[in-house]
There are 2 protein chains.
Amino acid sequence: MFGQNLPMKKKITRRSVVPRSNDKTYHHGDLRNALVAAAELELKENGLERFSLRGVARAASVSHAAPSHHFGDVQGLLTALTAIGFERLLKVQQKHQKKANDDPLEKLVASGLGYIEFAQKNAEMFHLMFASTMPDRDNADLSQSAAAAFENLVVLVDKVRGRETDQGMSDVYASWALVHGFSALLNANKLPSLGNSKKARDAEMRGVLKRFLAAALN
Amino acid sequence: MFGQNLPMKKKITRRSVVPRSNDKTYHHGDLRNALVAAAELELKENGLERFSLRGVARAASVSHAAPSHHFGDVQGLLTALTAIGFERLLKVQQKHQKKANDDPLEKLVASGLGYIEFAQKNAEMFHLMFASTMPDRDNADLSQSAAAAFENLVVLVDKVRGRETDQGMSDVYASWALVHGFSALLNANKLPSLGNSKKARDAEMRGVLKRFLAAALN
DNA sequence: ACCCTTATCTTTACACTGTAAAGTTTAATG
DNA sequence: CATTAAACTTTACAGTGTAAAGATAAGGGT
């Protein structure tokens with residue numbers, strides 16, 4: 001649904017957002033990557049609910065049927081994009097982990113804050129990654145990059161727990177849920193009184209994450 | 001997007017799902033309620049991403065343009081449905097709270113399990129309530145029923161904290177995030193090793209919620 | 001009782017959408 | 001150099017949401 005006449009919200013229909021050689025030949029040359037890039041833009045600007053495959057094709061200056069030869073259908077394109085999303089998420093988390101000091105808890109909290117930052121800066125991508133039925137979750141690339149991000153979390157939690165008390169997965173799940181919930185609720189604008197500046201929000205969340213995780217993962 | 005040709009998933013197009021007097025007159029009589037009921041069914045069966053306003057009209061045995069006179073557009077209909085969702089969520093939580101014993105923590109945990117149960121039994125509704133841009137969040141009915149559900153949580157958390165230590169809203173937010181995150185990740189099928197029977201899952205989640213909330217809200 | 005206003009519902013039309021199929025161009029391969 | 005295969009376009013179709021105008025019926029005032 002929702003891909004049609006939507007006069008209420010501005011519809012950006014500029015062509016050729018993703019650059020293409022001006023002396024454009026019949027064959028694009030690097031259409032696959034161009035489509036993924038255009039799709040990411042389309043996702044960011046129109047959101048998943050207004051995502052349009054034809055719009056993506058327009059942005060890449062190709063016919064509306066061109067994407068099918070590279071991705072089959074819209075699900076194929078979004079699946080590829082989702083896989084990239086998980087790779088990026090992991091990278092952002094790892095960057096935050098590196099900047100934190102060596103205390104395992106600090107690293108876990110930093111990683112969580114990275115997760116939240118990613119979710120906020122890529123709200124629609126985050127939505128695609130976790131709350132959409134469009135991507136093919138059985139796709140090899142996708143499930144692998146998603147698993148990699150999860151593995152990183154397991155390691156972090158294990159280090160905090162010191163490996164002695166084995167609560168199975170529920171501790172890992174709860175830590176994830178806490179961070180994921182913050183991300184989702186922030187994106188849904190449900191946490192208004194959390195400080196208006198990014199710095200204030202981060203500080204407040206770092207505090208509460210630390211308190212919750214430290215206490216629960218003893 | 002996504003409202004069109006979707007041959008991969010079975011498309012249920014049966015007519016008149018919501019009963020209508022057989023000697024059907026030109027005027028329906030109770031179309032507004034019939035449309036809301038049909039919309040809930042459509043949401044449950046096709047999901048938000050495949051939701052079709054025309055499908056809802058078909059299910060109510062009226063023309064595809066009939067809904068506009070009661071809800072304006074699809075956003076209006078989904079906004080009304082979302083408001084109902086929040087009312088139901090609160091009711092489910094309160095039912096769980098009543099069944100729990102008088103310990104404030106037990107009540108908070110029970111309420112959280114109610115939240116999660118609602119999210120699982122009404123996955124698409126939950127998605128609509130928290131992760132969709134379609135509902136008009138400024139709508140009076142909607143924002144009020146959403147606020148009521150939130151107020152209930154604030155009271156529960158305050159009782160656990162005993163009101164002495166005031167951590168502002170961050171404790172409330174974190175408690176919510178924990179429960180909300182579990183709901184979202186469960187719906188996204190991201191927590192496979194959490195026990196396969198509902199009973200086992202509930203027990204495991206009750207345990208971990210208790211541990212996390214007790215420790216953090218001291 | 002009658003008329004008239006108004007709300008409710010239908011019909012028609014339009015600009016979109018995703019995808020299938022067939023045709024066109026170009027690259028690659030033997 | 002000829003043939004095959006890949007990349008891309010054109011055309012067509014069934015579906016979508018919504019706007020506008022026409023049809024029906026209910027309600028209210030006189």
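**Note on the A/B interface and DNA strand D**

1. The area buried between chain B and chain A is about 4200 Å². Carbon and sulfur atoms give 63% of that area. This is a predicted model. Contact involves 50 residues of chain B and 50 residues of chain A.

2. Polar links across the interface come next. The count of salt bridges between chain B and chain A is two. A:Arg211 pairs with B:Asp171 in a salt bridge, with the closest N and O atoms 3.0 Å apart. The rule also finds 13 residue pairs in polar contact between the two chains, both residues at pLDDT 80 or more.

3. On the side of chain B that touches chain A, α4 (74-99), α6 (123-131), α8 (170-187) and α9 (198-217) each supply at least two residues. α8(B) gives the most, with 13 residues. By type, this side of chain B divides into 31 nonpolar, 11 polar and eight charged residues.

4. Now the DNA. There are 25 residues around strand D, and A:His28, A:Ser63, A:His70, B:Leu53 and B:Arg54 come nearest. Of the strand D atoms within 4 Å of the protein, sugar and phosphate account for 57%.

5. Specific distances to strand D follow. A polar backbone atom of A:Ser63 is 2.6 Å from a phosphate oxygen. For B:Leu53, a backbone N or O atom lies 2.5 Å from a phosphate oxygen. B:His64 places a polar side-chain atom 3.2 Å from a base oxygen.

6. Two elements give two or more residues to the surface near strand D: α3 (68-71) of chain A and α2 (53-59) of chain B. α2(B) gives the most, with three residues. That surface divides into nine nonpolar, 13 polar and three charged residues.

Definitions and conventions
Residues numbered from 1 in each chain as written. Chains lettered and ligands numbered in written order. Predicted model: local features only at pLDDT ≥ 70, side-chain atom pairs only at ≥ 80, totals over all residues. Heavy atoms only, no water. Contact = heavy atoms within 4.5 Å. Buried area = accessible area lost by both parts, 1.4 Å probe. Salt bridge = Lys/Arg side-chain N within 4 Å of Asp/Glu carboxyl O. Polar contact = N/O pair within 3.5 Å; in protein donor to acceptor, adjacent residues only side chain to side chain. Helix = DSSP H or I, 4+ residues; strand = E, 2+ residues; numbered from the N terminus. Nonpolar A, V, L, I, M, F, W, Y, C, P; charged D, E, K, R; others polar. Near = heavy atom within 4 Å.
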